Amino acid sequence: MSRIDTLLGRMTLAEKLGQLTMTACSHAVTGPVIAGNTTRAIIDGTIGNLLNLVGAGPVHEMQRLAVEKSRLGIPLLIGLDIIHGHRTLFPIPLAEAGVFDETLWERTAREAAREGAAEGLAMTFAPMLDVSRDPRWGRTAEGPGEDPWLNARIAQAKVRGFQGSDLSSADSLAACAKHFVAYGPVTAGRDYAAVDISERALREVHLPGFEAAIGAGVATLMPAFTDLNGVPMTAHVLLLRDWLRGEMGWGGVIVSDYNAIAELIKHGIAADLVDAAVLALRAGVDIDMMADAYRKGLPVALEQGRVTIEEINACVRRVLRLKDRLGLFDDPYRRGASPEPATAVAERHALARDVGRRAVVMLKNERDTLPLPAVVKTLCVIGPLADASTEMKGPWWGAGEHEPAVSVLGGLRAALPETAIRHAAGVAIESDDESGIEAAAALCDGVDAVLLCLGERATMSGEAASRATPALPGRQMAFAKAVTARAHDQGIPVVAILFSGRPLVIPWLSEHADALLAAWFLGVEAGNAVADVVTGLVSPSGRTAMSWPRAVGQVPIYFGQRPTGRPMNPADHYTSRYQDVANTPLYPFGHGLTYGRFHYDALQVVPRHAGERDTLKVSVRLRNEGARKAEETIFLFVHDKLSRVTRPLLELKGFAKLRLRPGEAGWVEMDLPAAELRYLGPDLQSLFEAGEVEILVGPSADPTALLRQSIDLF
């Protein structure tokens, strides 16, 4: 008999329900319910899982209670939100997505896992795989952006990184794919609101990332708070039990979101905690996080015959199996047993700096304003985000809340020790006070350049941080106009650097700034990363993983829209267009400039006639016609020109990178298996269809910048 079978045979109902319960410690609370003292319950075996406990000492202390003091000695599963780093914070996920480098995505997750596991943790509630096409939604910051194909690649890389090659290893964490599924398209971009989308959108846009995570072996999964077409995900039998457990054959652990089972009552599908517990258990949720619904509700439901002990046992078995896979039964203290080498922190900071500078997106660079000249006598670094080191960390800082971070001002002072740097905040991030504008603008007089640091507070993105108008808050726009006018009157260039967890609506700034950088929230090395880019130590290479709207009224906006019978035609009033703004985004998906200037030509696709088992070889030639060495990201899109259902105008199917010196040319080659051109037909079944398919290659999803070649499928 296996260890798990033996334990199940010995466990009381209360001990079984303890294995299905996760409680927050007092170190941090991420939801509306504050947990009480859990020590007695751990010894009693009625709590088997914890979250928000940090540090090898406290973790091992709790494990000793469970392993050495409880009747059965079952170790605890202890997790924490490690979203973009543990103590060493990397760029937020939306920024990192724009690096378009699978090796890097995996590496940052691997380093975060090592750092978290060194503090005793065995689980992270990441990666977040919610496709977002609405920048009003605050949790956009935590995810992959707007594209499902990109999301799937990130999912695979992050699961590999967090879990490593051996889940029982002392430096591996159980990953948690969240939030299953379609949390991104919440009504009006408002967090926790209802979701109502088509079955096609669900299967084409929102499920692929989770399918990829499952294929990569993800250990756990978390349902979304939200409902989907009227059914809350925490109780969604068709998707959790039938699709996930049945169709996909996945046997991992499903852990509810914070208090989500109890919230089935507020959703209006459960009358009380007993009802809620029954619905979640029947759907296949294994661990109840912070609702205490299973401990309180399932004994009553069992007595009433509404659930069976076999259903409870199945959940307990999955939880115990996960603990076994993590090596917790063999050695519950292996994570955090020995301190990391002294070099580990420095190496992670070096990685954070490298990732940060690669994540910066240069949206605009008129007249080669950037990089700054080799000699800069006087520089004006102003704005509320110029010397805001704490904000650089972004939302969901985990255990890194009190770790030092480098501000833009600090990074530039280190990079330009001979330059006189003037600084003032000018305005606060959100305040209506304009009293500091005039004095701050006066600091621009006579300088070589102005770096205007604007944007959001870190906590204006993330959970419960939706914004109806995702523009510059407070009086920052008035400040930007005053500074830009004064600087331009003297012929001084203005470089605007934006910090945010989402695309911002900034048409005026886009038009009037000489150069514009999207710096997102880059983590602990943010200031150094920005300094590396603006001084020309590195060429910017980040790309936008989401389209940037011209106006809020364009939202949702994304490159994968479907054609209409009346496509936009400015000469025809009765076509699909706005009267007051262009249809196109301010900056499309994939947009990002470099210090080079790349010319694309000679697109080749072979074979020109392909069957499902063939692999298309797509190649394109690039030449760097700019004055500096730079790295270009090249995107591969497809468009099915005639199909049984309307297909998106563009579908991402690949990307590649090429670094070229000035005047140098080179070829990029990408493989595209023809089988990836399958799509869901009218019956939502996968279909490979003969016909003409357009292959498009270029620097972004801007249709005017893409080279095209058609092939025939048979």
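Begin with the aromatic rings, of which the structure holds 15 pairs; rings of Phe, Tyr and Trp (its six-membered ring) pair if their centres lie within 6.5 Å, and planes under 30 degrees apart count as stacked, over 60 as edge-to-face and the rest as tilted. Select Trp-105 and Phe-655, whose ring centres are 6.2 Å apart and whose planes stand at 70°, so this pair is edge-to-face. Trp-105 belongs to helix H6 (residues 102–117) and Phe-655 to strand E21 (residues 651–660), so the pair ties together parts that are 550 residues apart in sequence. Helices (H or I, at least four residues) and strands (E, at least two) are DSSP runs, numbered from the N terminus.

This is a predicted model, in which local features need pLDDT of at least 70 and side-chain atom pairs count only at pLDDT 80 or more, while totals for chains, interfaces and linings use all residues. Residues are numbered from 1 along each chain as its sequence is written, and side-chain values use heavy atoms, with hydrogens and water left out.

Staying with the same rings, Trp-105 is buried, with a relative accessible area of 0%, and Phe-655 is buried as well, at 17%; buried means under 20% relative accessible area, exposed over 50%, partly exposed in between (1.4 Å probe, protein chains only). Next select Phe-559 and Phe-589, a tilted aromatic pair with 4.8 Å from centre to centre and 40° between the planes. Phe-559 and Phe-589 both sit in the loop between helix H20 (526–534) and strand E17 (598–606), 30 residues apart, and both are buried. To see these rings together, select Phe-100, Trp-105, Trp-149, Phe-559, Phe-589, Phe-635, Phe-637 and Phe-655, which form one aromatic cluster.

The loop between H20 and E17 also holds Pro-556, and the peptide bond that leads from Val-555 to Pro-556 is cis, with omega near 0°. Another cis peptide bond joins Val-606 and Pro-607, with omega about -5°, and Pro-607 lies in the loop between E17 and strand E18 (609–610).

Now move to the sheet, where five strands are arranged in the order E4-E3-E2-E1-E10, an open sheet with parallel pairing. Its edge strands are E4 (123–124) and E10 (288–289), each of which pairs on one side only; two strands pair if DSSP finds at least two bridges between them. Strand E1 (residues 21–24) runs parallel to E10 and is joined to E10 by two bridges, and within this pairing the bridge partner of Met-22 is Met-289.

Met-22 and Met-289 also lead into the largest nonpolar core, which has 116 residues and in which Met-22, Leu-50, Phe-180, Val-181, Leu-228, Met-289 and Tyr-294 touch the most other members. A nonpolar core is a set of buried Ala, Val, Leu, Ile, Met, Phe, Trp, Tyr and Cys residues joined through side-chain atoms within 4.5 Å. Helix H12 (residues 273–283) gives the most to this core, with seven residues. Select Tyr-294 and show what surrounds it: not counting residues up to four places away in sequence, Tyr-294 touches ten residues' worth of neighbours listed here in part, including Leu-17, Ile-261, Ala-277, Leu-281, Asp-288 and Pro-299. Contact means heavy atoms within 4.5 Å. A second, separate core of 103 residues includes Ala-424, Leu-454, Leu-522 and Ala-701.

For the cysteines, a search of the whole structure finds zero disulfides, a disulfide being a pair of cysteine sulfur atoms within 2.5 Å. The sulfur of Cys-25 is 18 Å from the closest cysteine sulfur, in Cys-176, which is too far for a bond.

Two asparagines are worth selecting for their backbone. Asn-52, in the loop between strand E2 (49–51) and helix H4 (56–69), has a positive phi of about 70° although it is not a glycine, and Asn-52 counts as buried at 2% relative accessibility. Asn-259 also has a positive phi, near 70°, and is found in the loop between strand E9 (253–254) and helix H11 (263–267).

Finish by colouring the model by pLDDT, the predictor's confidence in each residue, from 0 to 100. The mean pLDDT of the protein is 96, and 98% of its residues reach 70 or more, but pLDDT stays under 50 over residues 28–35. Where pLDDT is low, the predicted coordinates should not be read in detail.
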